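Reader: Could you walk me through this structure slowly? I'm new to this and would like to ask about the helices, the core and the empty spaces.

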Amino acid sequence: MNNGVTAMKTFFSRMSIAMLFAFVATSASAAVSADEIARLGKDLTPLGAQRAGNAAGTIPEWKGGITSPPAGYKVGDHHPDPYSGDKPLFTITRANLDKHRAKLSAGLQKMLELYPTLRLPVYPTRRSAAVPQRIYDATRRVAATAKLAAGGNGVTGAVIGIPFPIPQNGAQVIWNHLLRYRGEAASRVIGQAAVTRSGDYTLVRLEDAYVTRYSLPGMTEAKLDNRMILFRQKVAAPARLAGRILLAYETINQVAEPRHAWVYNPGQRRVRRAPNVAYDNPGTAADGLRTSDQFDMFNGALDRYDWKLLGKREMYVPYNSYRLHSDKITFADVLKPLHVNPEYLRYELHRVWVVEATLKEGARHIYKKRRFYVDEDSWMILLADIYDNRDQLWRVSEGHVVNYYEKPLLGYTLEVHTDLQAGRYLALGLNNEYPMNVFSSTFSERDFNPSALRRMGRR
């Protein structure tokens, strides 16, 4: 009898725990209320940021961002700095670091401690982020229907807009980054440099093209067919690496279907499936300084980490990096030993969502923990602190952004991935000496299939 009572108590105890977990999981993925959605475009911006400035007046009100180019700008130009008259409010160095630690990521603090030549000029905050009106309209629509798929490894009920403008958990914030507006389609030529401790590097020229199917006008969930982005990248230089072409289909429901990827090998003149283009496999021609899932600050599946939303903070982050973007400087001007040239850096005080990713028990990745700092105005990851399996801070990622006026949208002009333990860094996205990105919707899906890789490889 006593054994039976004990068994029943154990059963109901376990049942209660299971129900609790089910409730938490359901609540975390539940759609936001109509009252909350009504705040979009009012006290919240159309993408969900706080419209008002802060109490100290150091973060201004969002007034729409940059929605049209400055006078004299032509499509195809490098984007001139609309804030060229701004002067730094102050500069953070190792000497005054303690005064500013509260608003700096652990990674930037460590870089300042290690590198006496590094300085972070802090400028007035300019909330320049903007996207087309149709993205704002779609965000309001999908906010009522978007849900996370099982385990947070996908999104359902959303297309075109930011799915979770009022996020309830860390996975939702990261999905907002993955599904942010990047234009309908684009091509670009960029440089990648793995800089040694002494400042030496070999420039890798990459030719990228993509179609953001998720954001195409008139797109529906049915037409999306679980393919949110089509991406192609060709290595054009140096000669020893030239000719390799990567093709990837990024899926929106990664539970139902993982990423598809193919690689054209110029030596073999063959196209092969490439299941290893994901997670912690080495990034293309990056000399081991970044993983596949560090491209675009973070990409790919979420399934190897637990994602915790730590809240929102005011922090100094790279922003409006037009000096770094300028075609009036060279790659050699930017790339210096240990870190990029501080002369061209710009940091501002912005509110960011802080999300911590912790490796799941039994999962494999070279990064045990990652902390992401996500811009409230654009949903772009601006900073990431990355820890190794000894819980030591290993790498620091920075996403330097500008407003691409012709769309408009906020996009990276340079990603910098710094390896603190090796004293090296990878600069990805260098474009000072190359033609500017071309935002175009003239690509056909025929340009993004394995046969297209073969055709490109023969040319």
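**A chat about the inside and the outside**

Author: Let us start with one helix, keeping in mind that this is a predicted model: on the face of α5 that is turned away from its buried side, the exposed residues are Q133 and R141.

Reader: And which residues of helix α5 are buried?

Author: In α5, which covers residues 133-142, the buried residues are I135, Y136, A138, T139 and V142. They lie on the same side of α5, because they cover an arc of only 165° around the axis.

Reader: OK, now the core. Which residues touch the most other members of the largest nonpolar core?

Author: That core has 120 residues, and the ones touching the most other members are I174, W175, W307, L335 and F372. Strand β12, residues 347-359, gives the most to this core, with 8 residues.

Reader: What does I174 touch, if I don't count residues up to four places away in sequence?

Author: With those left out, I174 touches F298, L302, W307, V355, F372 and I381. There is also a second, separate core of 13 residues, which includes I245, W262, Y264 and V271.

Reader: Back to strand β12 for a second: is V354 buried or exposed?

Author: V354, which is found in strand β12, counts as buried, because its relative accessibility is 3%, and the cut-off for buried is under 20%. Leaving aside neighbours within four places in sequence, V354 is in contact with K308, L309, L310, G311, R313, R371, F372 and Y373.

Reader: How far apart are V354 and R313, in sequence and in space?

Author: V354 and R313 are 41 residues apart in sequence, while their C-alpha atoms are 7.2 Å apart in space.

Reader: Changing topic, how many cavities of 30 Å³ or more are there?

Author: The structure holds 4 of them, and the largest cavity contains about 120 Å³ of space. It is lined by 15 residues, of which L47, A129, V131, D377 and S378 are the closest to its centre. Sorted by class, the lining of the largest cavity has 11 nonpolar, 2 polar and 2 charged residues.

Reader: And what lines the second largest cavity?

Author: The second largest cavity has about 70 Å³ of space, and its lining is made of L108, M111, L118, L120, H339, V340, L345, Y347, E398, H400, V416 and T418. At least two residues of that lining come from each of α4 (106-114), β15 (393-404) and β16 (409-419). By class, the lining of the second largest cavity divides into 8 nonpolar, 3 polar and 1 charged residues.

Reader: What about pockets, then: what volume does the largest pocket have?

Author: Its volume is about 720 Å³. The largest pocket is lined by 40 residues, and the closest to its centre are R182, R188, F231, F295 and D296. Among the elements that give two or more residues to this lining are β5 (185-195), β6 (203-211) and β7 (229-237), and the largest share, 7 residues, comes from β16.

Reader: How does the lining of the largest pocket split by class?

Author: It has 19 nonpolar, 11 polar and 10 charged residues.

Reader: You named D296 there, so where is D296 in the chain, and what is its phi?

Author: D296 lies in the loop between β10 (270-273) and β11 (305-318), and its phi is near 65°, a positive value in a residue other than glycine. D296 is also buried, with a relative accessible area of 10%.

Reader: What is phi for L338?

Author: Phi of L338 is near 75°, which is again a positive value in a residue other than glycine. L338 sits in the loop between α9 (331-334) and β12, and it counts as buried at 17% relative accessibility.

Reader: Last one from me: which loops hold P238 and P408, and what are the peptide bonds before them like?

Author: P238 is in the loop between β7 and β8, and the peptide bond from A237 to P238 is cis, with omega near 5°. P408 is in the loop between β15 and β16, and the peptide bond from K407 to P408 is cis, with omega near 0°.

Methods:
Residues numbered from 1 in each chain as written. Predicted model: local features only at pLDDT ≥ 70, side-chain atom pairs only at ≥ 80, totals over all residues. Heavy atoms only, no water. Core = buried A, V, L, I, M, F, W, Y, C linked by side-chain atoms within 4.5 Å. Buried < 20%, exposed > 50% of the residue type's maximum accessible area, 1.4 Å probe, protein only. Helix = DSSP H or I, 4+ residues; strand = E, 2+ residues; numbered from the N terminus. Contact = heavy atoms within 4.5 Å. 1 Å grid on protein atoms, 1.4 Å probe; cavity = no way out; pocket = protein on both sides within 12 Å on 5 of 7 lines; lining within 4 Å. Points joined across faces, edges and corners; volume = space filled by probe spheres on them. Nonpolar A, V, L, I, M, F, W, Y, C, P; charged D, E, K, R; others polar. Arc of directions from axis to C-beta.
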